[in-house]
Protein chains: 2
Amino acid sequence: MTLDNILEEIKKANSIVILTHESPDGDAIGSSLGMHMALKSIGKNSDVILTEFPRTFNFLPGAKDVKQESDIKNYDLAITVDCADLKRVMANEYFENAKKTIVIDHHGSNTMYGDINFVNPVSPACCEILAGMFEYFDINIDTEIGTCILTGIITDTGGFKYSSVTPETFEFTADLLRKGINVSEIYERVLETKTKANFELLKRSMDRLELLENGKVAFTYITKKDEEEVNAEPGDHEGIVEEGRSIEGVEVSVFIRQRDDENVYKISMRSTGNINVSDICFLFGGGGHPKAAGALIQGTVEQVKEQVLKEIRKVL
Amino acid sequence: MTLDNILEEIKKANSIVILTHESPDGDAIGSSLGMHMALKSIGKNSDVILTEFPRTFNFLPGAKDVKQESDIKNYDLAITVDCADLKRVMANEYFENAKKTIVIDHHGSNTMYGDINFVNPVSPACCEILAGMFEYFDINIDTEIGTCILTGIITDTGGFKYSSVTPETFEFTADLLRKGINVSEIYERVLETKTKANFELLKRSMDRLELLENGKVAFTYITKKDEEEVNAEPGDHEGIVEEGRSIEGVEVSVFIRQRDDENVYKISMRSTGNINVSDICFLFGGGGHPKAAGALIQGTVEQVKEQVLKEIRKVL
């Protein structure tokens, strides 16, 4: 089966690179480092290449091994984790030049771009897929690997909150707690701790938050200027889209954030009910999960807002 | 043992009243209704008396049975759940007039004011104590009882976040999920859904938030006027103290809220590390848990702030 093939390729490869999606979140980084530490535990070296690394995750085992680039041009094996599409793979030249490629993911929109694809869209986090995979491989999930895995589970389930969580999610966490992993500390670090800049951006976005369509849609934004003024670092906008989502009656929360190219906004959408925001983001060339998705749109705040609202109205 | 005595008293009693603490939170209400539904499942009627009931919890099984008062003056048995002190019991005359009294609680500061006291300060929620108790009593935790219990666990662990959570917390939740209880929906309802008034109060409190003592203390407040202006209902200030707690570097978060008696403020404190806020609140006649506690203090915002800061400085 696929899992056996994956293990076989890992064993055969003399050089392995692990890649994930751009703007990496906790599941992307937890999966990358979890895979790296797991391979290390069975005596296989691997390079994790991340050109962007939010400092929230500096505490993770293996974080100091992360590289921005590599001398190796043609890896024997490239593994991408938590990434639906080759276009979104960070430093994807290493994937394209690799002799063999493996894709491990939990996005329903995965385009199956690897030689071997192991995709389970029902899994709440790519890290939860890895947990099952390591068990199948007889790799002991020690506290280091467990810390990485738990990071992905906590971030991608919003702290065990989303409807994607499974009994296995909770049982796995109970096991980690019994192994001595400080679940609460990891939770605080990856999900609860706001930098001052994060807090300031949250305040600004809350002050601007509009409730539209009879309170069914929450909309807010931050600009490049905001981020500059509060000395924001990568990741400091995290949590903003969740604020709108949490207001009673809101079915879709939309948060847009200006990119370096000032005419482009990254939209993040969350759904609290039946509206599939992945479908909406797909219309703009993006994607994600039914309840959490994103895309890039050109225009001013008002133009982007109107474009998105137009599509949301069709499905409200 | 104590548990056998509790079951014996329940079986003997022809009239049972269930009480909890004033300003009831999810654990207080979840425990009260969980106990009520559990007794019902073994054929015992009970009255749950709550003079205050945040509408967030209207969805809970048994909520429609809640009474504001009762014709019965002398119950055979009074049970308090999640309440450390007789002074804080809501409608405590029913407790004082009862022929027999049982106290079930998880506060370390419990004064053991019942005829039978079952107190486990290590338990993250009174509801988690009840879960174990019902199992011992051979009471099946059906979806109704489970929904009540889970509500207390989720609210008192901040959504599985606090260091008080145990492997059993996660295993119990996995079981509930397998029984078909919608964990995610309960989580959203009790912890994530903000009313518009709640959102407005949060915004105001965030705008006023001060970082003091080199960023180790977060302080903010809301007044009675704020609550009137946003048409706040009971419970609409929930979550404010958590905002300060979540800022990087903050060790103690203090939130004060003006009471109906305008010269009195309710202080809520949260600790992120080793500072025991229960000890600090105890100095003002309050109490709680080491990482989450409260008290009432007289004065203006500035006076209350100074009194609390003076005590915090001693332990920073």
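A salt bridge here is a side-chain nitrogen of Lys or Arg within 4 Å of a carboxyl oxygen of Asp or Glu. Keep that cut-off at hand for this tour of a predicted model.

**Stop 1: one bridge across the interface**

Select Glu168(A) and Arg178(B). Their closest N and O atoms are 3.1 Å apart, and the two residues form a salt bridge. Now bring up the rest of the set. Between chain B and chain A the rule finds twelve salt bridges. Polar contacts across the same two chains, with both residues at pLDDT 80 or more, come to 21 residue pairs.

**Stop 2: the chain B side**

Colour chain B by secondary structure. Which elements give two or more residues to the side that touches chain A? They are α6 (167-178), α7 (183-192), α8 (196-208) and α10 (240-245) of chain B. Stay on α6(B): its eight residues are the largest share of that side. Then recolour by residue class. The side of chain B that touches chain A divides into 15 nonpolar, nine polar and 14 charged residues.

**Stop 3: the whole contact**

Show both sides together. Chain B gives 38 residues to the contact, and chain A gives 38 residues. The area buried between the chains is about 3,600 Å². Carbon and sulfur atoms give 58% of that area. On chain B, pick out Lys161(B), Phe170(B) and Glu248(B). These lose the most area to chain A, together 17% of what the chain B side buries.

**Stop 4: the aromatic cluster**

Keep Phe170(B) selected and add Phe160(B) and Tyr187(B). Then add Phe160(A), Phe170(A) and Tyr187(A). These residues of the two chains form one aromatic cluster. Over all chains, the structure holds 14 aromatic pairs.

**Stop 5: the symmetry**

Zoom out and superpose the chains. A turn of 180 degrees and a shift of 0.0 Å along the axis lay chain B on chain A with an RMSD of 0.0 Å. The two copies are thus related as by a two-fold rotation axis. How do the interface residues compare? Of those in chain B, 100% are also interface residues in chain A, so the copies meet through the same surface.

**Stop 6: a bridge inside chain A**

Over all chains, the structure holds 57 salt bridges. For one of them, select Asp65(A) and Lys40(A), whose side chains meet at 3.2 Å, N to O. Asp65(A) lies in the loop between β2 (47-48) and β3 (77-81), and Lys40(A) in helix α2 (residues 26-41), so the pair ties together parts of chain A that are 25 residues apart in sequence.

Definitions and conventions:
Residues numbered from 1 in each chain as written. Chains lettered and ligands numbered in written order. Predicted model: local features only at pLDDT ≥ 70, side-chain atom pairs only at ≥ 80, totals over all residues. Heavy atoms only, no water. Contact = heavy atoms within 4.5 Å. Buried area = accessible area lost by both parts, 1.4 Å probe. Polar contact = N/O pair within 3.5 Å; in protein donor to acceptor, adjacent residues only side chain to side chain. Helix = DSSP H or I, 4+ residues; strand = E, 2+ residues; numbered from the N terminus. Nonpolar A, V, L, I, M, F, W, Y, C, P; charged D, E, K, R; others polar. Phe/Tyr/Trp six-rings, centres within 6.5 Å; stacked < 30°, edge-to-face > 60°. Least-squares fit on C-alpha atoms with pLDDT ≥ 70 in both.
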